[in-house]
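The exercises that follow are meant to be worked through with the sequence and the model open side by side. Please attempt each task before reading its solution.

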Amino acid sequence: MSSPTTSLPDLIAATKATLEKIAAEYTPAVFASSLAAEDMVLTDLILRGQLQGGISIFTLETGRLHAETLGMLDRIKETYDYDVKPYRPQPEAVAAYVEQNGLNAFYDSVEMRKECCRIRKIEPLNRALAGNKAWITGQRRAQSQTRAELHVQEHDEAHGMAKFNPLADWSEDDVWQYIRSNDVPYNPLHDKGYPSIGCEPCTRAIQPGEDVRAGRWWWENPDSKECGLHVVDGKLIRIKSVAAEPQQNA
């Protein structure tokens, strides 16, 4: 099934239009790919649409990703002849965290988990975004309660740049219908009960009926389940939606 208010062909057309607008008006722009299902849809649309000249693709290689996730880099190269650029954490920062707190201190408290995310994700993200006019994510409104107010186009005050969530209106079914219809490569962990995939020690498979992000930081309360890429000081960034949103439907 597609989204209740918009057909999948209309969603695809609107998403293509958003990506083409970014490539034309916000160059240089970057797409931050987690290498999960949503982001493979965007990867396919960007690369098949020949938009890589205006939109480059990177991933945050945290040092704790599943082997299956890392394997997606080779699959993208084989399918699209494109090299996704990995951004890694500073080795000295990782070493200091592990020495002072232990390798898996993120289980001890939300604060320790967010510090690990800061070192392994946020600092590399800041380097990846530097010098760009806009960044793109694969976030969807239906993914979790922390993303319920998501807009297709926003202003990211934290980074002082435009931020686009082209799949904001897409449902889980929309994503998978697109993947299957277009033979898009995807992370094999999705077939093992992982709808949302992050670092290996912080992600588990979910049970039938659970929220799609229930496997992320499963030991925490649902309202804290963001790594910090889209929040500041533990709260969602107050981002200003842009009036003209081509994918929004009444």
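For the first exercise, Ala, Val, Leu, Ile, Met, Phe, Trp, Tyr, Cys and Pro count as nonpolar, Asp, Glu, Lys and Arg as charged, and the others, Gly among them, as polar. The model used throughout is a predicted one.

**Exercise 1. Sort the residues that line the second largest cavity by class.**

Solution. Begin with the count, which comes to two cavities of 30 Å³ or more, and then turn to the second largest cavity, which holds about 90 Å³ of space. Next, list its lining, which consists of Arg-64, Phe-106, Arg-113, Cys-116, Cys-117, Arg-120, Lys-121, Cys-199, Pro-201, Cys-202 and Trp-217. Sorting these residues by class gives seven nonpolar and four charged residues, with no polar ones.

**Exercise 2. Describe Trp-217, a residue of that lining, and set Asp-183 beside it.**

Solution. Trp-217 is found in the loop between H6 and E7, and its phi is positive, at about 45 degrees, although it is not a glycine. Asp-183 is found in the loop between helix H6 (172–181) and strand E7 (231–232), and it has a positive phi of about 55 degrees, again without being a glycine. The last step is accessibility, for which buried means under 20% relative accessible area and exposed means over 50%. Trp-217 is buried, because its relative accessible area is 2%, whereas Asp-183 is exposed, because its relative accessible area is 65%.

**Exercise 3. At what angle do helices H1 and H2 pack, and which residues meet?**

Solution. Take the geometry to start with: helix H1 (residues 8–25) and helix H2 (residues 37–48) pack at an angle of about 65 degrees, with their axes 10 Å apart, and their crossing is right-handed. Then inspect the contact, where Ile-12, Thr-15, Lys-16 and Leu-19 in H1 meet Leu-42, Leu-45 and Ile-46 in H2. By class, this contact of H1 with H2 has five nonpolar, one polar and one charged residues.

**Exercise 4. Is Leu-8 buried or exposed, and how far does its C-alpha atom lie from that of Gln-177?**

Solution. Locate Leu-8 in helix H1, and note that it is buried because its relative accessible area is 5%. The C-alpha atoms of Leu-8 and Gln-177 are separated by 8.4 Å, while the two residues are 169 residues apart along the chain. To place this pair against the whole chain, consider contacts between residues at least 6 apart in sequence, of which 74% join residues at least 24 apart.

Note on methods: Residues numbered from 1 in each chain as written. Predicted model: local features only at pLDDT ≥ 70, side-chain atom pairs only at ≥ 80, totals over all residues. Heavy atoms only, no water. 1 Å grid on protein atoms, 1.4 Å probe; cavity = no way out; pocket = protein on both sides within 12 Å on 5 of 7 lines; lining within 4 Å. Points joined across faces, edges and corners; volume = space filled by probe spheres on them. Axes fitted to C-alpha atoms, helices over the stretch in contact; angles between N-to-C directions. Helix = DSSP H or I, 4+ residues; strand = E, 2+ residues; numbered from the N terminus. Left-handed = near helix turned anticlockwise from the far one by under 90°. Contact = heavy atoms within 4.5 Å. Buried < 20%, exposed > 50% of the residue type's maximum accessible area, 1.4 Å probe, protein only.
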